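The report that follows goes through the fold of a single chain, moving from its sheet and helices to its core and then to one selected residue. Please read it alongside the sequence and the structure shown here.

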Amino acid sequence: MPMKNTKDIVAEASFSCSICNKFAGSIQLKGSKSSVQCTCKNFAGEMIVSFRDKIIIKKYSTALDSKDLNTLFSTDFETVPFYCPKCNACYCGDHYVTMPLFDPEESMYYDSLKGTCPQGHTRMLQD
Ligand SMILES: [Zn+2]
Ligand SMILES: [Zn+2]
């Protein structure tokens, strides 16, 4: 299978911190209507998730085009760790405090990441 290139970008957007205006995160969707790779860059690192459901892809790419973070969050919260749904705002790595959690049942594997926004709202970033 040939590698997809930048011509296949379906939608992309970047977001800045609502306090200091620094980079908070970016999301790029590449692929087709029926299969996309979603590359998410933010203070938690870089993550790639795949969507293979046309309805989800349509919903997600439309939300990304209009920077509708609430819909991105409800579709896949792990793709927008910089977003606080209670504030409806984005924060950079300096303003969002993250805390890795380890599941004692799952031995030494890194388990999930929790974050607290500057207003004190805590949410799960990755699970
Ligand atoms: Zn908040
Ligand atoms: Zn900031």
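## Helix against sheet

In this predicted model, helix H1 lies across strands E1, E2, E3 and E4 and runs at about 45° to E1. These four strands form an open sheet in the order E1-E2-E3-E4, and their pairing is antiparallel. E1 and strand E4, the latter spanning residues 45-51, stand at the edges of this sheet; each has a single partner strand, so one side of each is left without a neighbour in the sheet. From one strand to the next, the twist averages 10°.

The pairing of E1 with E2 is antiparallel and extends over seven bridges. One position can be given by residue, since the bridge partner of Ile-9 in E2 is Lys-30.

## Overall arrangement

The chain contains two helices and nine strands, which follow one another along the sequence in the pattern β-β-β-β-α-α-β-β-β-β-β. Of the 127 residues in the chain, 27% are buried. When contacts between residues at least 6 apart in sequence are considered, 40% of them join residues at least 24 apart.

## The nonpolar core

The largest nonpolar core has 27 residues, and those with the most contacts inside it are Ala-24, Leu-29, Tyr-60, Phe-82, Cys-90 and Tyr-91. Two or more residues of this core come from each of strand E1 (9-16), strand E2 (23-31), strand E3 (36-42), helix H1 (54-65), helix H2 (69-75), strand E5 (83-84) and strand E6 (89-90). H1 gives the most to the core, contributing four residues.

Cys-90 can serve as an example of how parts of the chain meet. With residues up to four places away in sequence left out, Cys-90 touches Phe-15, Ser-16, Cys-17, Ser-18, Ala-24, Gly-25, Leu-69, Phe-82 and Tyr-83. Two of these partners, Ala-24 and Phe-82, are themselves listed with Cys-90 among the residues with the most contacts inside the core.

## The surroundings of Gly-115

Gly-115 belongs to strand E8, which covers residues 110-116. Is this residue buried or exposed? Gly-115 is buried, because 22 other C-beta atoms lie within 10 Å, where a count of 20 or more is needed for a residue to be classed as buried.

Apart from its neighbours within four places in sequence, Gly-115 is in contact with Pro-81, Tyr-96, Val-97, Thr-98, Arg-123 and Leu-125. For one of these partners, Tyr-96, a backbone distance is also available: the C-alpha atoms of Gly-115 and Tyr-96 are separated by 6.4 Å, although the two residues are 19 residues apart along the chain.

Conventions
Residues numbered from 1 in each chain as written. Chains lettered and ligands numbered in written order. Predicted model: local features only at pLDDT ≥ 70, side-chain atom pairs only at ≥ 80, totals over all residues. Buried ≥ 20, exposed ≤ 12 C-beta atoms within 10 Å, placed from the backbone. Contact = placed C-beta atoms within 7 Å. Core = buried A, V, L, I, M, F, W, Y, C linked by C-beta atoms within 7 Å. Pairing = 2+ DSSP bridges. Axes fitted to C-alpha atoms, helices over the stretch in contact; angles between N-to-C directions.
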